[in-house]
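Biologist: I would be grateful for a close look at one part of this chain and at what surrounds it. Please proceed residue by residue where that helps.

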Amino acid sequence: MSAHAPQPAVFLCHGAGGDGGSCAALARALEAQAGVTAHALSYPGRADVPGPARGSVTELAAFIRERVAAALGSLDAPHVVLGHSMGGAVALEYALHAPPGLRALALVATGARLRVHPSILAALSPSGDTASPAPAGEAFARSIEAAALTPRATALADWQAANAFDRMAEVHQIRTPTIILVGDADLLTPLKYARFLHEHIAGSQLVVLPGAGHSLPTEHTAQVTEHVAAFLRGVARPEALS
């Protein structure tokens with residue numbers, strides 16, 4: 001590959017109840033610091049993407065494949081997928097059926113299996129039941145708040161898809177260079193989730209952010225950018241891929 005070849009494009013996948021804006025600041029920071037083209041994607045069912053909400057992580061990963069192909073012209077073109085929370089599940093699913101152009105994976109506050117607290121599903125249900133107590137704390141409440149472009153029914157579909165996701169028996173098959181980031185104060189996807197990924201994805205890097213919670217792309221943008229940019233310089237630069 002030529003030394004003047006462009007850096008692989010980065011596609012950012014947001015968490016349940018979010019939209020592309022959830023990762024927009026991180027995308028801009030990666031463009032500035034890593035010199036990449038970054039696409040903060042929204043899934044269907046939001047005000048900025050037509051069509052019904054996708055009902056499973058597998059369907060969401062298929063949508064991301066469509067968006068990558070549309071943006072780059074081919075799934076053979078070099079690219080990186082970064083996913084936060086449920087978006088990390090989407091990234092894992094994408095990597096389990098990796099197209100030829102996938103060069104690296106960044107998993108942010110996520111897990112190989114995602115189990116959603118019953119209070120979240122109950123609060124988003126048509127009845128709006130809040131009988132099941134949620135973990136206390138303002139940070140927890142912020143991390144599950146739906147984005148402005150995401151209707152309630154779409155947010156519920158997202159969380160249900162996350163709750164059904166389980167690739168614990170398959171993640172060892174991933175061979176894509178991977179970085180895993182987690183906050184040690186994350187209540188939704190705790191540190192043990194990240195450690196499982198690190199132990200089962202060969203050659204992966206694990207980064208633990210002290211005192212950080214679940215909303216890493218928005219609340220710890222600079223730290224996430226620093227670590228992901230350094231990772232990409234090491235494993236996804238054109239010279240390393242030639």
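**A buried proline, a covered strand and the core**

Modeller: In this predicted model, Pro217 belongs to helix H8, which spans residues 216-219. Pro217 counts as buried because its relative accessibility is 2%, and the cut-off for that term is under 20%. Beyond its neighbours within four places in sequence, Pro217 touches Ser22, Leu26, His84 and Val108. The C-alpha atoms of Pro217 and Cys23 are 6.1 Å apart, although 194 residues separate the two in sequence.

One of those contacts, Val108, leads to the strands. Strand S4 (102-108) is among the elements against which the buried residues of helix H7 pack, and S4 pairs with S5 in the parallel sense over four bridges. Within that pairing, Ala106 stands opposite Ile179 of S5. S5 also runs parallel to S6, joined to it by five bridges, with Gly183 opposite Leu209 in S6. Between S5 and S6 the chain passes through H7, and this β-α-β crossover is right-handed.

S5 itself is mostly covered, with six of its six residues buried. Thr178, Ile180 and Val182 point one way from the strand, while Ile179, Leu181 and Gly183 point the other way. H7 (residues 191-200) has Leu191, Tyr193, Ala194, Phe196 and Leu197 as its buried residues. These pack against helix H3 (86-96), S4, strand S5 (178-183) and strand S6 (205-209).

Leu197 of H7 also ranks among the residues with the most contacts inside the largest nonpolar core, which has 47 residues; Tyr43, Ile64, Met86, Val90, Leu92 and Leu107 are the others. Several elements supply at least two residues of this core each, including H3, S4, S5 and H7. H3 gives the largest share, eight residues. Leu92 shows how these parts meet: leaving aside its neighbours within four places in sequence, it is in contact with residues including Leu107, Phe165, Val171, Ile174 and Leu197. Apart from the largest core lies another, of 26 residues, among them Ala34, Val80, Leu181 and Leu216. In soluble globular proteins, nonpolar side chains tend to be buried together.

Two points on the rings complete the account. Arg65 lies over the face of Tyr94, 5.8 Å from the ring centre. The count of aromatic pairs comes to zero.

Terms used
Residues numbered from 1 in each chain as written. Predicted model: local features only at pLDDT ≥ 70, side-chain atom pairs only at ≥ 80, totals over all residues. Heavy atoms only, no water. Buried < 20%, exposed > 50% of the residue type's maximum accessible area, 1.4 Å probe, protein only. Contact = heavy atoms within 4.5 Å. Phe/Tyr/Trp six-rings, centres within 6.5 Å; stacked < 30°, edge-to-face > 60°. Lys NZ or Arg CZ within 6 Å of the ring centre and 35° of its normal. Core = buried A, V, L, I, M, F, W, Y, C linked by side-chain atoms within 4.5 Å. Pairing = 2+ DSSP bridges. Right-handed = clockwise from strand over helix to strand, strands pointing away.
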